[in-house]
Amino acid sequence: MPRAAIVILVLSLSAFAQLDKLVIPAGTPEDQALTAISNEQDDKKKVAMYEDFVQKFSANPAAVAYGNWQLAQSYQTDGNLEKALSFGDKALASAPTNLDILVSQANIASQMKSNAK
């Protein structure tokens with residue numbers, strides 16, 4: 001395949017990839033809650049705070065996706081891969097085209113040796 005054809009193919013495929021970014025504007029209540037969570041040193045308290053964050057801002061898909069994604073990462077770090085995958089699935093439900101969450105889910109599934117996932 002000629003080099004120009006490959007470039008055109010890659011560019012056309014990237015045009016179809018609608019990848020979402022999770023945006024939480026500075027100064028919003030969501031941002032303030034995330035600042036409080038990031039200042040917490042105790043990992044168990046952080047998990048509880050993220051769970052509260054997801055509930056409190058359930059009307060904001062970006063906040064729900066971010067909170068669930070952080071929970072997935074926390075559980076992955078703790079070795080609870082089933083729970084990590086579950087929270088990652090919830091994050092994907094709110095932001096199904098977010099590449100960071102998709103990659104995170106693929107990593108968790110790989111750790112679990114879950115080829116089907």
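**Exercise 1. Find out how many helices and strands the protein has, and in what order its elements run.**

Step 1. Start with the count: this predicted model has 6 helices and 0 strands.

Step 2. Now walk along the chain from the N terminus, and the elements read α-α-α-α-α-α.

Step 3. To round off the overview, turn to burial. The protein has 117 residues, and 30% of them count as buried.

**Exercise 2. Find the residues with the most contacts inside the largest nonpolar core, and the elements that build this core.**

Step 1. The largest nonpolar core holds 18 residues. Those with the most contacts inside it are Leu34, Phe53, Leu71, Tyr75 and Ile108.

Step 2. Next, look at the elements that give two or more residues to this core: helix H2 (29-39), helix H3 (43-56), H4 and H5.

Step 3. Among the contributors, H4 gives the most, with 5 residues.

Step 4. A general point helps to put this in context: in soluble globular proteins, nonpolar side chains tend to be buried together.

**Exercise 3. Count the aromatic pairs, then describe the one formed by Tyr66 and Trp69.**

Step 1. The count comes to 3 aromatic pairs.

Step 2. One of them joins Tyr66 and Trp69, with 6.1 Å centre to centre and 80° between the planes. Planes over 60 degrees apart count as edge-to-face, so this pair is edge-to-face.

Step 3. Place the two residues on the chain. Both lie in helix H4 (residues 61-78), 3 residues apart, which is about one turn of the helix.

Step 4. Compare their surroundings. Tyr66 has 25% relative accessibility, so Tyr66 counts as partly exposed. Trp69 has 14% relative accessibility and therefore counts as buried, since the limit for buried is under 20%.

**Exercise 4. Work out how Tyr75 and Phe87 are arranged, and what lies over the face of Phe87.**

Step 1. Tyr75 and Phe87 form an aromatic pair with 5.5 Å centre to centre and 10° between the planes. Planes under 30 degrees apart count as stacked, so that is the name for this pair.

Step 2. Where do the partners sit? Tyr75 is in helix H4 and Phe87 is in helix H5 (residues 81-94). They are 12 residues apart, and the pair links distant parts of the chain.

Step 3. Both Tyr75 and Phe87 are buried. Tyr75 is also one of the residues with the most contacts inside the largest nonpolar core.

Step 4. Finally, look over the face of Phe87: Lys90 lies there, at 4.6 Å from the ring centre.

**Exercise 5. Is Lys44 buried or exposed, and what about Ser104 and Val64? For each, give a C-alpha distance to a residue elsewhere in the sequence.**

Step 1. Lys44 is in helix H3. Its relative accessible area is 73%, so Lys44 is exposed. Between Lys44 and Ser74 there are 9.3 Å, C-alpha to C-alpha, and the two are 30 residues apart in sequence.

Step 2. Ser104 belongs to helix H6. With a relative accessible area of 9%, Ser104 is buried. Its C-alpha lies 8.6 Å from that of Ala72, while the two residues are 32 residues apart in sequence.

Step 3. Val64 is found in helix H4, and its 11% relative accessibility makes it count as buried. From Val64 to Tyr50 the C-alpha separation is 9.5 Å, with the pair 14 residues apart along the chain.

Step 4. For one more distance, return to Tyr66. The C-alpha atoms of Tyr66 and Gly88 are separated by 9.7 Å, and these residues are 22 residues apart along the chain.

**Exercise 6. Which residues form the nonpolar patch on the surface, and where does Val103 lie?**

Step 1. The patch is formed by Leu99, Leu102 and Val103. Together they have about 230 Å² of accessible area.

Step 2. Val103 is part of helix H6 (residues 99-112).

Step 3. Check its accessibility: Val103 has a value of 42%, so Val103 counts as partly exposed.

Key: Residues numbered from 1 in each chain as written. Predicted model: local features only at pLDDT ≥ 70, side-chain atom pairs only at ≥ 80, totals over all residues. Heavy atoms only, no water. Phe/Tyr/Trp six-rings, centres within 6.5 Å; stacked < 30°, edge-to-face > 60°. Helix = DSSP H or I, 4+ residues; strand = E, 2+ residues; numbered from the N terminus. Buried < 20%, exposed > 50% of the residue type's maximum accessible area, 1.4 Å probe, protein only. Lys NZ or Arg CZ within 6 Å of the ring centre and 35° of its normal. Patch = residues over 30% accessible without salt bridge, like charges linked within 9 Å, V, L, I, M, F, W, Y side chains within 5 Å. Areas by Shrake-Rupley, 256 points an atom, 1.4 Å probe, with all protein chains shown as cover. Salt bridge = Lys/Arg side-chain N within 4 Å of Asp/Glu carboxyl O. Core = buried A, V, L, I, M, F, W, Y, C linked by side-chain atoms within 4.5 Å.
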